[in-house]
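Q: I am new to this structure and would like to learn how to read the place where a ligand sits. Could you take me through it?

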Amino acid sequence: MTQTPLKEAGYTLGATLADLDVADTIGARENVLGRIDYTTAAADPVVSAGGPRLALHMARDRGEAFSEVWTSPHEVTAGEHDGVVYAHDGEFLFLAGRIPESGSYATATEKAYLTALGLVRELGYPRCYRMWNFVGRINQDNAEGLENYRDFCLGRADAFAHMRFNETEIPAATGIGSHGGGIGFYFLTSRSGEPIAIENPQQWAAYHYPQRYGPKAPKFARATRLGGRVYVSGTASITGHESRHAGDVVRQTHLSLENIARVIGAGNLYEHGIGDGYFLSDLDQIKVYVRHAEHIPAVRAICTRAFSPAAEVRYLNVDVCRSDLLVEIEGIAY
Ligand code: 3EB
């Protein structure tokens, strides 16, 4: 293995959203840390010649499908442990897993998260800065009458408690619906870079949400900053801890964007001890999750005006973690 200096200023992973066939050629040019197919069927994660790969059921047809590819300029090592696939490059670690469809998720989620978080520590990349979770039938109740999302949150919280995560170690995250296939997840973690967790002064920290949203609060920060980027969590129409503008997708989209703008803005980053602020036009690799397909044109019209014309933006028609939320938006500020 070549000993390349990994901590030179500005070194971060490449991230690309590409059409499925284009994604095949990205792996030929660079070292792939992980590939996630947002496609028409879920599949167990695999490690192949092209690196670790996870398929999520997030698209209704092939035209909607795309891949997200995380690449490194450095040599990568890939592997698999207890169903969790991974690859690392000396500074960054990608992991992905899937929890099979079930009438109860808490225990299986805790187990899968403990496998992944155990790898994170064993492989020596202990700082989790970004996690994604895709939950099938997210707003439906499980066999015990607990909503699947809340059931998932329970298992995740137990795993975090078991690993003794404190509030400064909480990653940015997305928790969103999928068209099926249980719960797919993937993480990005770092060896030496210290992610800074960022909150939104207009929102309660999600990990302090009151019990009415579920027995254990969701464990995520509104964003994390690492290596000159801000990774923005899935962001919805919530102020305080309450959903706003029930039934009004236009107002929900505006509030979601206002929440992101506030999180990444100079005033908020200054309060977190971070120098430069960002604007919505600095976001890239944006995903916009929309509950009702017929709302996508209205949401797109608002987002198009807010984001850079050069930004990669994908719209997905999936359920959102609270039944009164119609839209959720994530991205990376550069
Ligand atoms: C919210 O603000 C909206 O459970 O990991 C956004 C991002 C949401 C991540 C998660 C949930 C999650 O509460 C929902």
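Q: Which side chains have an N or O atom close to an oxygen atom of the ligand, and at what distance in Å?
A: A polar contact is a pair of N or O atoms within 3.5 Å. In this predicted model, an oxygen atom of the ligand is 2.5 Å from an N or O atom in the side chain of Tyr-149. For the side chain of Tyr-209 the distance is 2.7 Å, and for that of Arg-222 it is 2.9 Å. As for cover, the protein hides 99% of the 360 Å² of accessible area that the ligand has on its own.

Q: Which residues around the ligand come nearest?
A: There are 13 residues around the ligand, and Tyr-149, Arg-156, Tyr-209, Arg-222 and Cys-321 come nearest. By class, this shell has 7 nonpolar, 3 polar and 3 charged residues.

Q: Which elements supply at least two residues of that shell?
A: Helix H3 (148-162) and strand S10 (172-178) each do. S10 gives the most, with 3 residues.

Q: How do I read the empty space, and which pocket does the ligand take?
A: Rolling a probe the size of a water molecule over the atoms shows where empty space is left. Here the ligand takes up the space of the largest pocket, whose volume is about 330 Å³. Its lining has 25 residues, with Tyr-149, Ile-238, Cys-321, Arg-322 and Leu-325 nearest the centre. H3, S10, strand S14 (229-235) and strand S16 (242-243) each give two or more residues to this lining.

Q: What classes do the lining residues divide into?
A: The lining of the largest pocket has 10 nonpolar, 6 polar and 9 charged residues.

Notes
Residues numbered from 1 in each chain as written. Predicted model: local features only at pLDDT ≥ 70, side-chain atom pairs only at ≥ 80, totals over all residues. Heavy atoms only, no water. Near = heavy atom within 4 Å. Polar contact = N/O pair within 3.5 Å; in protein donor to acceptor, adjacent residues only side chain to side chain. Areas by Shrake-Rupley, 256 points an atom, 1.4 Å probe, with all protein chains shown as cover. 1 Å grid on protein atoms, 1.4 Å probe; cavity = no way out; pocket = protein on both sides within 12 Å on 5 of 7 lines; lining within 4 Å. Sits in = over half its atoms within 2 Å of the grid points. Helix = DSSP H or I, 4+ residues; strand = E, 2+ residues; numbered from the N terminus. Nonpolar A, V, L, I, M, F, W, Y, C, P; charged D, E, K, R; others polar. Points joined across faces, edges and corners; volume = space filled by probe spheres on them.
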